[in-house]
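Visitor: I would like to go through this model term by term and hear what justifies each description.
Guide: Then let us look at it together and set the values against the definitions.

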Amino acid sequence: MQSVAIQLQERPIQPDDLIQRMQRGDVDAFEALYREHAGRVYALCRRLCGDPARAEELTQDAFARAWQHRHSSRPGAAYTGWLCRIAINLALTDARSRIRRERKEVPAREGAGPIGEMAGPVAAPRVAHPLDLEKAIAGLPEGARRVFVLHDVEGYRHEEIAEMMGLAVGTTKAQLHRARRLLREALSK
Amino acid sequence: MKICKAMDETRLSEYVDGELAAPARNEVERHLRGCADCPGIVDEMRAIRSAAAELPREIEPPRDLWSGIESRIEGSGAAAPADPDEITPVGSGEVTPVGSGRFHVARSWNVGLAAAAALVVLVAGAAFLMRDDRRLADGEATPPPGASVTLASLKAAGAGYRRMTAELETLIEARRGDLSPATLSVLEENLKIIDEAFDEIQVALETDPHSAPHRALFTSIYRHKTMLLQQASSLPPQS
């Protein structure tokens, strides 16, 4: 066991061979890559769109897009980042399309998210339980939720988020602050 | 939650993120020393920021999505040329892992056989326990609306893994003479554990095919078997 473990640590296996096989059109290799990354992509889609059923669709679309553009995929760990960027782009495009459709149907209601705007003194939140935090994030207004997920959960900078979302940096900062305030209120209840 | 009228909360948010230049930061810190409310707000913001960064990187989908992906790519034919608007990251022009600056830890296949062995033992143990411990499936036994998970679909989802593991097993069989007896022994022992775990989880899934933990284990077992075989097949000759 020991000798094997040492040798393996010296020669780490990267999924590059899977990526190469996938690029040559090997569907089995692509399925293995899907199994490896499905949880990561689904988590991203679910947090960005706030809807588990829609997140399933977006996850499938993201992998289908990744297959379509497989020749530009990146080797090693960069593959995950490449795949996640596809998912983020799809989720943001989907959100923009949905907002446009909703605006045609009903007047804009930005700010009236499920959490809503709460006022009044409440107790200070303790360290949020992950499940409570997930629920509170899902309840944020859409714009604030997307900025919060990309900044505080995924670690993107405001400049990157602004470019991805087609917003000014000041707007993403304002959305982030709004998200944090609403989360503080929701988690204090 | 108290509201401090003397300090803009957006400024506090920027302070928490370390985005303020020295003069503005000093001003906020002076205010914090004298304000009864704002230190609490800053603490809350930090707690949320920290908790958000520690959320799990992965959430297992509630059902297997591969069949939908497979149907999408079946009709897609040849690969499309690169679409820079869709896949090029912001900024540098190089694809970087998401969130690489601070929090992101991409799952990697850099796992030693020792770790793989520990994992498969855990997987096997969990599968065994879950067969009898119905509490783990509480709340998961009812499929979510729209879910169409069946044992058959899960088995179909594992077809690709089975093909891949069969290929790898053939490769390892051909290399049997290259590997040391100790390596082969460890490998065989771990494959036995994995296969026993798979038998256990199949029994559990037949009882409760909609259980999310069971489905996650089903996928995990195949994944770890593939990982173990890939690592073993790439070992340099030892004899």
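Guide: Chain A exposes about 7800 Å², with carbon and sulfur atoms supplying 52% of that area, while the accessible surface of chain B comes to about 11600 Å², of which 55% belongs to carbon and sulfur atoms. Please keep in mind throughout that this is a predicted model.

Visitor: How many helices and strands does each chain have?
Guide: Chain A has nine helices and zero strands, and chain B has ten helices and zero strands. Buried residues make up 58% of the 189 residues in chain A and 46% of the 239 residues in chain B.

Visitor: What share of the contacts in each chain, counted at a separation of 6 or more, comes from residues 24 or more positions apart?
Guide: For chain A such residues account for 67% of those contacts, and for chain B they account for 79%.

Visitor: Why does Glu14(B) count as buried?
Guide: The relative accessibility of Glu14(B) is 17%, and buried means under 20%, so Glu14(B) falls on the buried side of the cut-off. Glu14(B) lies in helix H1 of chain B, residues 9-16, and, leaving aside neighbours within four places in sequence, Glu14(B) is in contact with Lys173(A), Glu19(B) and Leu20(B).

Visitor: Why is Val153(A) called buried as well?
Guide: Val153(A) has a relative accessibility of 0%, which is under the 20% that the term requires, so Val153(A) counts as buried. Val153(A) is found in helix H7 of chain A, residues 142-153, and its C-alpha atom is separated by 9.4 Å from that of Leu44(A), although the two residues are 109 positions apart along the chain.

Visitor: Which residues touch the most other members of the largest nonpolar core?
Guide: That core holds 62 residues, and the ones touching the most other members are Met22(A), Phe30(A), Tyr79(A), Ile88(A), Ile137(A), Phe148(A) and Leu150(A). Helix H3 of chain A, residues 27-49, contributes the largest share of this core, 13 residues. Apart from it lies another core, of 19 residues, among them Leu187(B), Phe198(B), Ile201(B) and Ala204(B).

Visitor: What does Phe30(A) touch, not counting residues up to four places away in sequence?
Guide: Phe30(A) touches residues of both chains, including Met22(A), Phe63(A), Trp67(A) and Tyr79(A) as well as Trp66(B), Ile69(B) and Ile73(B).

Visitor: How do you know that the buried residues of H4(B) line one face of the helix?
Guide: In helix H4 of chain B, residues 66-74, the buried residues are Trp66(B), Gly68(B), Ile69(B) and Ile73(B). Seen down the axis of H4(B), they fall within an arc of 160 degrees, and therefore they line one face of the helix. These buried residues pack against H3 and helix H4 (52-68) of chain A.

Visitor: What makes H9(A) roughly perpendicular to H3(B)?
Guide: Two packed helices are described by the angle between their axes and the distance between the axes. Helix H9 of chain A, residues 169-188, and helix H3 of chain B, residues 38-53, pack at an angle of about 95 degrees, with their axes 10 Å apart. Since angles of 65 to 115 degrees count as roughly perpendicular, the description fits H9(A) and H3(B).

Visitor: Which residues meet where H9(A) packs on H3(B)?
Guide: From H9(A), His177(A), Arg180(A), Leu183(A), Arg184(A) and Leu187(A) meet Ile41(B), Glu44(B), Met45(B), Ile48(B) and Arg49(B) in H3(B).

Definitions and conventions. Residues are numbered from 1 along each chain as its sequence is written. Chains are lettered from A and ligands numbered from 1 in the order in which they are written. This is a predicted model: local features need pLDDT of at least 70, side-chain atom pairs count only at pLDDT 80 or more; totals for chains, interfaces and linings use all residues. Side-chain values use heavy atoms; hydrogens and water are left out. Helices (H or I, at least four residues) and strands (E, at least two) are DSSP runs, numbered from the N terminus. Buried means under 20% relative accessible area, exposed over 50%, partly exposed in between (1.4 Å probe, protein chains only). Contact means heavy atoms within 4.5 Å. Accessible areas come from the Shrake-Rupley method with a 1.4 Å probe; for residues, only the protein chains shown count as cover. A nonpolar core is a set of buried Ala, Val, Leu, Ile, Met, Phe, Trp, Tyr and Cys residues joined through side-chain atoms within 4.5 Å. The arc is that of the directions from the helix axis to the C-beta atoms. Axes are lines fitted to C-alpha atoms, for helices over the stretch in contact, and angles run from 0 to 180 degrees between N-to-C directions. Angles under 35 degrees count as roughly parallel, over 145 as roughly antiparallel, 65 to 115 as roughly perpendicular and the rest as oblique.
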